[in-house]
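Subject: Structure for your review

Hello,

Here is the structure I said I would pass on. Please open it first; my notes follow below.

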Amino acid sequence: SSSQKIIMSFLASEVPIVVYVSPAGGWAGSAGAFITIAANVAAMAPGTFIGAAHPVSIGGQGESDTDDIMEEKTVNALASSIKSIAEQRGRNVEVAEDMVRKSVAKTDSEALELGVIDLRSENLTELLDQLDGWQVTMEEGVVITLVTQGAVIERVDMTDRESILLTLSNPNIAYLLLSLAMLGIFLEFSNPGAILPGVFGAIALFLALYSLGTLQANYAGILLIILGFGLFLTELFVMSSGILTVGGIISLAFGSLILFSGTPALAINPFLIAGVVGGVAAVFIFVVGAVVRSHRRPQITGREGMVGKMAAVKTPLDPNGTVSVHGEIWQARLESGRAGVGEEVEVTMIDGLRLRVALEKGQARGGEATPSLKRPS
């Protein structure tokens with residue numbers, strides 16, 4: 001539909017339009033062939049080619065008789081369209097039709113010889129020189145003579161928004177965003193409250209959904225990737241001796257391979273797939289290892305972890321007062337003696353919401369060993 005709008009605007013334009021295929025190695029293929037042929041003047045640089053405009057189904061989910069019928073209808077429609085455009089612009093109709101029906105492609109020299117294009121130009125400067133004095137017949141027989149000597153060239157680059165959307169439409173970027181989104185969400189679930197992985201994962205997920213929707217990715221591939229991360233997450237709560245981990249890696253790998261399998265032109269770089277699968281597996285194994293080690297480590301936090309810890313006296317213990325332990329203020333009772341502010345006492349027991357504490361051996365008031373004194377009567 002986008003190329004159709006471009007062609008319609010070309011055909012309805014009141015100003016002559018020149019399409020120049022460059023630099024060397026450039027290809028006016030698929031929709032590019034239609035757009036080039038629709039121009040009032042078509043030019044190509046040496047080393048470029050045009051054609052191979054047979055329609056391709058993006059993100060196909062399988063082949064059937066219905067798909068064959070739809071392809072035939074599409075080919076017939078596009079063949080008729082390019083024939084009509086070529087006739088209107090006085091170009092070789094037969095070659096134009098073969099570009100659609102037989103995926104024929106022609107070099108710049110062949111295209112000029114066969115009357116598919118009008119000019120061959122080494123660069124833009126040469127093209128402007130060739131165009132000076134060129135006559136173009138517009139609608140209703142109006143003839144316009146081009147004056148291009150000394151013409152000022154204005155380049156219209158993509159906007160930042162267009163550049164971002166173009167980047168997101170890259171299948172490798174789409175795959176990477178989906179993988180990072182799943183990884184971020186996985187890390188958030190495995191470490192609740194981390195916040196950053198969850199926020200990053202959510203943003204990456206929505207960008208990935210836009211990108212995958214644009215490229216019409218294979219749903220089976222998306223679901224396999226999600227399943228792979230789901231198996232990784234499940235391993236954190238159900239220790240399966242590595243079975244869920246292996247299943248997750250296999251699911252992630254197959255999902256990556258078939259994500260854009262319907263269209264070879266959108267194939268993901270195999271090195272990227274290997275890197276992502278290997279990297280995700282390494283991160284997961286590290287996280288699971290950390291979880292296993294934490295389960296085996298003796299409890300050192302919470303109420304159970306307080307016994308045996310040293311607490312700082314906040315208000316004098318005589319014998320009741322308050323102490324600070326693990327950054328929290330607790331009511332405490334000193335088993336014997338007296339302790340002043342700033343001294344350290346050892347937690348011996350938790351009695352409801354109160355701690356039982358004791359002086360270190362050999363320690364009395366002020367932290368020095370002193371004999372006990374009696375008050376005078």
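I start with a helix residue. Leu 176 lies in helix α8, which covers residues 171-190. Leu 176 is partly exposed, since its relative accessible area is 30%. Beyond its neighbours up to four places away in sequence, Leu 176 touches Leu 272 and Val 276. The C-alpha atom of Leu 176 is 8.8 Å from that of Ile 273, although 97 residues separate the two along the chain.

Before the rest, a word on confidence. This is a predicted model. The average pLDDT of the protein is 84, and 88% of the residues score at least 70. Two stretches need care. Over residues 58-62, pLDDT stays under 50, and the model has 12 contacts for this stretch beyond four places in sequence. Over residues 364-377, pLDDT also stays under 50, with 11 contacts beyond four places in sequence in the model. Where pLDDT is low, the predicted coordinates should not be read in detail.

Next, the sheets. One open sheet has three strands in the order β2-β4-β5, and its pairing is mixed. Its edge strands are β2 (27-29) and β5 (105-107), each of which pairs on one side only. On average, neighbouring strands in this sheet are turned by 10° against each other, direction ignored. Strand β4 (residues 49-51) runs parallel to β2, and three bridges join the two. Gly 29 stands opposite Gly 51 in β4. Helix α2 packs on this sheet and touches β2 and β4; its direction makes about 100° with that of β2.

Thr 36 belongs to that helix, α2, which spans residues 31-38. Is Thr 36 buried or exposed? Thr 36 has a relative accessible area of 2%, under the 20% limit, and is therefore buried. Leaving aside neighbours within four places in sequence, Thr 36 is in contact with Val 19, Val 21, Ala 28, Ala 42, Ile 50 and Arg 91. Of these contacts, Ala 28 falls within the residue range of β2, and Ile 50 within that of β4.

Another open sheet is formed by three strands in the order β1-β3-β6, with parallel pairing. Strands β1 (18-21) and β6 (119-120) stand at the edges; each has a single partner strand, so one side of each is left without a neighbour in the sheet. Strand β3 (residues 41-44) is joined to β6 by two bridges, and these strands run parallel. The bridge partner of Met 44 in β6 is Arg 120. Thr 36 reaches this sheet as well: among its contacts, Val 19 and Val 21 fall within the range of β1, and Ala 42 within that of β3.

The last residue on my list is Ala 312, found in strand β9 (residues 310-315). How exposed is Ala 312? Ala 312 has a relative accessible area of 29%, and so counts as partly exposed. Not counting residues up to four places away in sequence, Ala 312 touches Thr 322, Val 323, Ser 324 and Glu 343. The C-alpha atoms of Ala 312 and Ile 329 are 9.5 Å apart, with these positions 17 residues apart along the chain numbering.

Best regards

Methods: Residues numbered from 1 in each chain as written. Predicted model: local features only at pLDDT ≥ 70, side-chain atom pairs only at ≥ 80, totals over all residues. Heavy atoms only, no water. Helix = DSSP H or I, 4+ residues; strand = E, 2+ residues; numbered from the N terminus. Buried < 20%, exposed > 50% of the residue type's maximum accessible area, 1.4 Å probe, protein only. Contact = heavy atoms within 4.5 Å. Pairing = 2+ DSSP bridges. Axes fitted to C-alpha atoms, helices over the stretch in contact; angles between N-to-C directions. pLDDT = per-residue confidence, 0-100.
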